[in-house]
Amino acid sequence: MAIHSTSESQLIADPPENDSSRVTVHSYSPAIRDKWDQFVAAQPGGSPFHLIAWKHVLEKTFGFQAAYFYAECGGEISAVVPMFRISNWVVGKALIAAPLGVYGGICAADRESDEALLEHVKQLAESEQVDYLELRNRSGELISGFHPNDLYVTFTTELSNSDANMKGLPKGTRYMIRKGEKANLSSRIGYDQLAAFYDLFANSMRRLGTPVFPPTLFKNIATEFGDLANLMVVYHGDKPVSGMLSFMFNGVSMPYYMGASPEAPALAANNFLYWRLMEDATQRGMKSFDFGRSKRGTGVYDFKSKWNTRIEPLKYQVYLVRRKTSPNFSPVNPKFQIATKVWQKLPLWLTRQVGPHVVRWFP
């Protein structure tokens with residue numbers, strides 16, 4: 001196989017002219033946005049975080065510098081990688097595909113294109129002397145020269161119809177859903193609820209001891225993703241008690257950002273919320289419900305495992321350049337426990353002001 005790069009670093013010499021099978025690597029340009037997104041939508045490994053909408057969200061919200069590349073074979077896109085240059089005092093200097101996304105890495109139609117794009121990003125990491133390159137692969141084998149980051153698993157369940165979805169749930173989960181229904185909870189979908197959702201989200205992040213994202217993140221998601229995302233808020237009477245911003249892509253509903261009030265557990269509002277999301281996804285014709293990633297041994301892991309889910313380890317991989325050991329910036333890292341406890345005691349108004357400046361350090 002002959003490979004040629006037309007972007008930031010040369011890979012291998014040009015193949016003979018008129019060789020339609022050659023793989024070339026290019027930097028992304030806005031002119032190919034539609035082709036890029038169409039390619040992602042056609043691939044089993046494509047995710048919302050491979051779409052150009054995610055690129056725009058991160059650029060507009062955090063000012064991250066994109067380093068998006070694609071492979072081309074026979075005049076058609078054959079692989080893409082949604083990568084960003086990240087540099088701060090916590091992470092150091094890194095190339096990450098994709099920041100703030102549970103999935104990322106290279107999305108390829110064939111092995112040759114995958115290898116071409118992989119070689120390109122490795123050479124870029126070496127030439128720029130970053131500390132490390134991270135590919136947030138959902139699946140696949142460990143790449144030679146890479147180190148595994150096996151902290152996370154992901155949870156999915158198949159959707160059928162409302163009755164079958166309910167029957168497939170464990171008895172305890174069905175009980176909690178009925179408890180929420182008996183509490184006369186209601187739900188509504190619409191981006192007009194962003195302010196109410198952000199209040200719930202900021203409260204939840206403070207309780208978890210985690211810096212909160214800026215409200216512009218959710219506004220930018222609404223703008224860039226449009227119908228590929230939605231916002232559902234659960235109410236107890238007129239009071240918002242739980243909410244979720246979800247992505248809807250390629251037949252998969254992915255609840256992603258969640259917020260809840262302190263009253264939510266007693267009302268079983270979170271169980272009610274997830275059930276209403278599953279019903280909505282079923283009505284929209286979604287075939288799968290993706291609960292996203294969690295770390296083993298956490299309360300969130302326990303909650304998600306009770307929804308008839310298939311649990312799969314995520315195949316995140318790290319290529320070390322200047323670092324000697326793999327990074328671990330997970331909130332449950334013991335090194336961050338003191339900071340987490342301090343953050344939980346800060347006034348809510350202060351966490352809302354400071355959090356957006358801090359959270360960008362942990363992409």
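**Exercise 1. Contacts of R136**

Determine which backbone oxygen lies 3.1 Å from a polar atom of the side chain of R136, and describe the setting of R136 in this predicted model.

*Solution.*
Step 1. The oxygen belongs to the backbone of P363, and the separation from a polar atom of the R136 side chain is 3.1 Å.
Step 2. R136 is placed in strand 9.
Step 3. A further partner is E134, whose side chain makes a polar contact of 3.3 Å with that of R136.
Step 4. The relative accessible area of R136 is 7%. Buried means under 20%, so R136 is classed as buried.

**Exercise 2. The cysteines C73 and C107**

Establish how many disulfides the model contains, and explain why C73 is not bonded to the closest cysteine.

*Solution.*
Step 1. A disulfide is a covalent bond between the sulfur atoms of two cysteines. The cut-off requires the two sulfur atoms to be within 2.5 Å.
Step 2. For C73, the closest cysteine sulfur is that of C107, at 16 Å, which is too far for a bond.
Step 3. Seen from the other side, C107 also takes part in no disulfide, its nearest cysteine sulfur being that of C73 at 16 Å.
Step 4. The disulfide count is accordingly zero.
Step 5. As to surroundings, C73 is partly exposed at 25% relative accessibility, whereas C107 is buried at 3%.

**Exercise 3. The second largest pocket**

Characterise the second largest pocket by its volume, by its lining residues and by the element that gives the most to the lining.

*Solution.*
Step 1. The volume of the second largest pocket is about 1000 Å³.
Step 2. Its lining comprises 41 residues, of which G45, I106, R138, S139 and G140 are the closest to the centre.
Step 3. Sorted by class, the lining holds 16 nonpolar, 15 polar and ten charged residues.
Step 4. The element that gives the most is helix 3 (residues 111-128), which supplies four residues.

**Exercise 4. Salt bridges around E312**

Identify the salt-bridge partners of E312 among R138 and R310, and place these residues in a wider network.

*Solution.*
Step 1. Side chains of opposite charge can pair when their charged atoms come close. The cut-off is a nitrogen-to-oxygen distance within 4 Å.
Step 2. E312 and R138 satisfy this criterion, with an N to O distance of 3.5 Å. The pair connects distant parts of the chain, 174 residues apart: E312 is in strand 17 (residues 310-313), and R138 is in the loop between strand 9 (132-137) and strand 10 (147-149).
Step 3. E312 also forms a salt bridge with R310, the closest N and O atoms being 3.6 Å apart.
Step 4. The network of salt bridges links R138, E158, D290, R310 and E312.
Step 5. The relative accessible areas are 27% for E312, 29% for R138 and 42% for R310. Partly exposed covers the range between 20% and 50%, so E312, R138 and R310 are each partly exposed.
Step 6. The total for the model is 15 salt bridges. Another one of them joins the side chains of D302 and K306 at 3.2 Å, N to O; D302 is partly exposed at 40%, and K306 is partly exposed at 41%.

**Exercise 5. Helix 2 and the residue after it**

Decide whether helix 2 is mostly covered or mostly uncovered, and describe the backbone at G63.

*Solution.*
Step 1. Helix 2 spans residues 52-62, and eight of its eleven residues are buried.
Step 2. The buried residues are I52, A53, W54, K55, V57, L58, T61 and F62.
Step 3. Helix 2 is therefore mostly covered, given the under 20% limit for a buried residue.
Step 4. Just after helix 2, the phi angle of G63 is positive, at about 75°.

**Exercise 6. Helix 4 and the loop that follows**

Locate N165 and G168 relative to helix 4, and state which contacts or separations are recorded for N165 and G168.

*Solution.*
Step 1. N165 belongs to helix 4 (residues 162-167) and is buried at 7% relative accessibility.
Step 2. A polar atom of the N165 side chain lies 2.9 Å from the backbone nitrogen of S160.
Step 3. G168 is in the loop between helix 4 and helix 5 (171-182) and is partly exposed, with a relative accessible area of 31%.
Step 4. The C-alpha atom of G168 is separated by 6.3 Å from that of N308, although the two residues are 140 residues apart along the chain.

Definitions and conventions: Residues are numbered from 1 along each chain as its sequence is written. This is a predicted model: local features need pLDDT of at least 70, side-chain atom pairs count only at pLDDT 80 or more; totals for chains, interfaces and linings use all residues. Side-chain values use heavy atoms; hydrogens and water are left out. Buried means under 20% relative accessible area, exposed over 50%, partly exposed in between (1.4 Å probe, protein chains only). On a 1 Å grid over the protein atoms alone, a cavity is a set of points where a 1.4 Å probe fits but cannot get out, and a pocket is an open set with protein on both sides within 12 Å along at least five of seven lines; lining residues have an atom within 4 Å of a point. Grid points are joined across faces, edges and corners, and a volume is the space filled by probe spheres set on the points. Helices (H or I, at least four residues) and strands (E, at least two) are DSSP runs, numbered from the N terminus. Ala, Val, Leu, Ile, Met, Phe, Trp, Tyr, Cys and Pro count as nonpolar, Asp, Glu, Lys and Arg as charged, and the others, Gly among them, as polar. A polar contact is a pair of N or O atoms within 3.5 Å; within protein, one must be able to donate a hydrogen and the other to accept it, and residues adjacent in sequence count only if both atoms are side-chain atoms.
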